[in-house]
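Student: Please take a close look at one part of this structure for me, the open and enclosed spaces in it. Set them in the context of the whole chain, and point out the residues worth finding on the screen.

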Amino acid sequence: MTIRPSPSISTRKQPKQARATELVAAILEAAAQVLAVEGAQRFTTTRVAERAGVSVGSLYQYFPNKAALLFRLQSDEWRETTELLCGILENTELSPLERIRTLVHAFIRSECEEAAVRGALNDAAPLYRDAPEAHEARATANRTVEAFMRETLPEVPDAVRAMTGELIMKTLSAVGADFSENPRTSAEIEACSDALADMFCAYLRSLGHQG
């Protein structure tokens, strides 16, 4: 059974005017900064309001508590990651192996650039794992990966294609999380991305990809 977010972690209201939209954007930017510095355990609405330069009352107009703020940041992270994956894998102007290489480089760099926030959000992720936004993001990503694998390995049995797609995505996620735990230089990011992309490309060729 899907557990839907309760009102306590849902956005209280949606901004309808430009000024309100700017206020929410400032709050979310401040929330990401506080999360990166303080971590999920020390994350508070008071610290966020102070960083954003607004009153706690103004913050509460849109986010009733810190759980709502964390959930919004988590939802945005799911959406951004899904859009990144889908945008690259669906770009048929590139060959499948070029798409894999582009995805690996973009994903690893993104993980390193946002490591502090992503790490803190991972601490809070179990609270929201069954939220509709999480299911939607996973379903969208899975459909895109499945379509990409059908294009890349058309002669391979369905079960093998499914396993291959799952293995690549889980490996990419695990390597990105582990690699980004420490600060990395651009050269290190490029080297790791190239090595991982080479491994994925060799794997796909070994399964019959022609290209």
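**Spaces among the helices**

Tutor: The protein chain has nine helices and zero strands. The model is predicted, so keep that in mind throughout, since side-chain atom pairs in it count only at pLDDT 80 or more. Read from the N terminus, the order of elements is α-α-α-α-α-α-α-α-α. Along the principal axes, the C-alpha atoms fill a box of roughly 60 × 40 × 30 Å. The chain has 211 residues, and 38% of them are buried. Among the contacts with a separation of 6 or more, 75% are between residues 24 or more positions apart.

Now the spaces, beginning with the largest pocket. Its volume is about 1,300 Å³, and 39 residues line it. To find its centre, look for Thr81, Arg138, Ala141, Met169 and Ser173, which lie nearest to that point. Two or more lining residues come from each of α4 (66–89), α5 (96–113), α6 (115–128), α7 and α8. The helix that gives the most is α8, with ten residues. By type, the lining of the largest pocket divides into 18 nonpolar, nine polar and twelve charged residues.

The second largest pocket holds about 210 Å³ of space. Its lining consists of Leu28, Ala32, Leu73, Asp76, Glu77, Arg79, Glu80, Glu114, Val117 and Leu121. At least two of these residues are supplied by each of α1 (18–38), α4 and α6. Here the largest share comes from α4, which gives five residues. Five residues of this lining are nonpolar, five are charged and none is polar. Helices α4 and α6 are thus worth colouring on the screen: they give residues to the lining of the largest pocket and also to that of the second largest pocket.

Next comes the enclosed space. The structure holds one cavity of 30 Å³ or more, and the space in this largest cavity is about 40 Å³. Around the cavity you will find Leu89, Ile100, Val145, Phe148, Met149, Gly165, Ile168 and Met169. The elements that give two or more residues to this lining are α7 (132–152) and α8 (158–179). Seven of the lining residues are nonpolar, one is polar and none is charged. Met169 deserves a second look, as a residue that lines the cavity and is also among those nearest the centre of the largest pocket.

Ring side chains come next. How many aromatic pairs are there? The count comes to one. The partners are Phe71 and Trp78, arranged edge-to-face, with 6.5 Å from centre to centre and 80 degrees between the planes. Phe71 and Trp78 are both buried. Elsewhere, a charged side chain meets a ring: Arg184 lies over the face of Phe179, 4.1 Å from the ring centre.

Pro183 is found in the loop between α8 and α9. Why does Pro183 count as exposed? The reason is its relative accessible area of 79%, because any value over 50% counts as exposed. From Pro183 to Glu113 the C-alpha distance is 9.0 Å, although the two are 70 residues apart in sequence.

Leu207 sits in the segment after α9 (186–206). Leu207 counts as partly exposed because its relative accessibility is 25%, and the partly exposed class runs between the 20% and 50% limits. Leaving aside residues up to four places away in sequence, Leu207 touches Leu153, Val156, Val160 and Thr164. For one of these, Val156, the C-alpha atom is 7.4 Å from that of Leu207, with the two positions 51 residues apart along the chain.

Ala20, finally, lies in helix α1. Ala20 is buried because its relative accessible area is 13%, and buried means under 20%. Its C-alpha atom is 30 Å from that of Pro126, and the two residues are 106 positions apart in sequence.

How values were computed:
Residues numbered from 1 in each chain as written. Heavy atoms only, no water. 1 Å grid on protein atoms, 1.4 Å probe; cavity = no way out; pocket = protein on both sides within 12 Å on 5 of 7 lines; lining within 4 Å. Points joined across faces, edges and corners; volume = space filled by probe spheres on them. Helix = DSSP H or I, 4+ residues; strand = E, 2+ residues; numbered from the N terminus. Nonpolar A, V, L, I, M, F, W, Y, C, P; charged D, E, K, R; others polar. Phe/Tyr/Trp six-rings, centres within 6.5 Å; stacked < 30°, edge-to-face > 60°. Buried < 20%, exposed > 50% of the residue type's maximum accessible area, 1.4 Å probe, protein only. Lys NZ or Arg CZ within 6 Å of the ring centre and 35° of its normal. Contact = heavy atoms within 4.5 Å.
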